[in-house]
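Biologist: I am new to this structure and would love a close look at one part, the surroundings of the ligand. Could you walk me through them?

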Amino acid sequence: MVRMQPRPAHASVLSVASECVPLVKTGGLADVVGALPKALKSQGWDSRVLLPAYPQVIDQLRSVRTVWEDPALFGGPAEVLLGSVGQLKVLALSAPHLYHRPGGIYQGPTGDYLDNDVRFAALSWVAAQLCAEGTSDGWKPALLHAHDWQAGLAPAYLRFADIDTPSVMTIHNMAFQGITPAERLETLRLPRKEFHYASLEYHGAISALKAGLVHADLITTVSPSYAEELMRPEFGFGMEGIMVERSADLHGIVNGIDTTVWNPATDPAITQNYDVRTIQQKQTNRQALLEEFGLGPTGGPLAIVVSRLSHQKGIDLLATAIPEFTRLGGSIVVLGSGDAELERTLEELAAQYPDQVGVRIGYDEALSHQMFAGGDAVIVPSRFEPCGLTQLYGLRYGTIPVVAATGGLRDTVINASLAALASEAATGIAFSPVDALSLSQAFRRLIGLYADQHSWHRLQRRAMEAPLGWDLSAQYYAELFDELVAAA
Ligand code: ADP
């Protein structure tokens, strides 16, 4: 893409999301929302991230002051607090009636909060107001960047109120669509005349994600392959028609990772730091990991999985393939939580193969770093994967990714085909179709590659040298932003 116009001075983007690292995270969305501002900064774009002021957000913010107020925001008083955490500038929407809950950010002990539609409509509504009015410290965004369904109504509110700030909608996962009954139109401050197929209506209900996809000026998703997949019924989750209609405005931009946080040479969470020249020191981390999970010594590969335990992530396929993998001499450790039945199945496997299978149910950031440092391979058998981050951490740590050939996994891992091995290009193993048989075959290939330690080390070194930072992707976002603002 060629930059057409010089960027406006002090160009600033309002990024709107329900989670953001380091304040609050349940998945990869938070990593991206937290990392993008720093990357965009080097491209000349300043950012402020608008997110709900959940209690843990308030606790971590520094230099907080009120920059916007509303005495009656969807049933209660609200204010926007400007604060910072590290380099990140945050606008925290404080509305205790919506965001002060004892449970998680989306659900309590009995499941999803019943007013999630209102909670995130309020976030989106305030985003649109900030575009129109700016904040009391004189800041006003040139562009709105909405992430996933929780921010999906923001481009729609802009459109309905004739606010001319351009908007970008990013899909991190099409499976979550923010669907709520049509009777909620007034409650959500949505005009009844917009309740039709070409706007808010989705199979007789309202979809916040669809609203964003229809009304944003541009749509992005987090890998080129996922952008293509979204136009097909197998992956589009009913939105494939809209994706085809909007294909000229749809861009796939692969996520980067924070290479300062994810750096085996400096990572404070791991036993032994190493880099591409001292990769044999990874052994010390491997030994520590075997001990951490109480596994026996092994001459075969030690695989790791760090994941939500869900059908999307193919954890059922993993469970099916594990016995054969152990029979061939492999060992595996799994960290994750999610579907109760999958948790139980994995724990049963750990009980059945105590020397070769270890399972930790829960969320543990430090342990995840130790796993990437100590594992030989990271397994990602997702049925669909918009981008995926763990295969990127794997590459960075010389922990060879074994991935389903789908979405962002396909775009970031070069399969060890004969051709790719011969031309010294391979960085991992990619398998398709995504089923238990293919995964078992991938495990066999892993065992075979690992057995030849000389070429294994070459594979590891190539993986560690793969470019994974945000530079190129941030440039792509910045160019799209520039074009939109220049055209506005
Ligand atoms: P998704 O957002 O679909 O869950 P991604 O691969 O994009 O999948 O991002 C998942 C993020 O959450 C990664 O940073 C991964 O390391 C982290 N993660 C997932 N489960 C755990 C866990 N149990 N403990 C620590 N980190 C986890």
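Modeller: Happily; here is a tour of the ligand and the residues around it. This is a predicted model, in which local features need pLDDT of at least 70 and side-chain atom pairs count only at pLDDT 80 or more, while totals for chains, interfaces and linings use all residues. Residues are numbered from 1 along each chain as its sequence is written, and side-chain values use heavy atoms, with hydrogens and water left out.

Let us start with the shell, where a residue is near the ligand if one of its heavy atoms lies within 4 Å of it. There are 18 residues around the ligand, and those that come nearest are Gly28, Arg308, Lys313, Gly362 and Tyr393. Two of these names return among the polar atoms (the cut-off for a polar contact is a pair of N or O atoms within 3.5 Å). A polar backbone atom of Gly28 lies 2.6 Å from an oxygen atom of the ligand. For Gly362, a polar backbone atom is 2.8 Å from a ligand nitrogen atom, and for Asp364 a polar backbone atom is 3.0 Å from a ligand nitrogen atom. On its own the ligand has 560 Å² of accessible area (Shrake-Rupley method, 1.4 Å probe), and the protein covers 91% of this area.

Which elements give two or more residues to the shell? They are helix H1 (28-41), strand E15 (302-309), strand E16 (331-338) and helix H14 (390-396); helices (H or I, at least four residues) and strands (E, at least two) are DSSP runs, numbered from the N terminus. E15 provides the largest share, three residues.

Conventions: A polar contact is a pair of N or O atoms within 3.5 Å; within protein, one must be able to donate a hydrogen and the other to accept it, and residues adjacent in sequence count only if both atoms are side-chain atoms.
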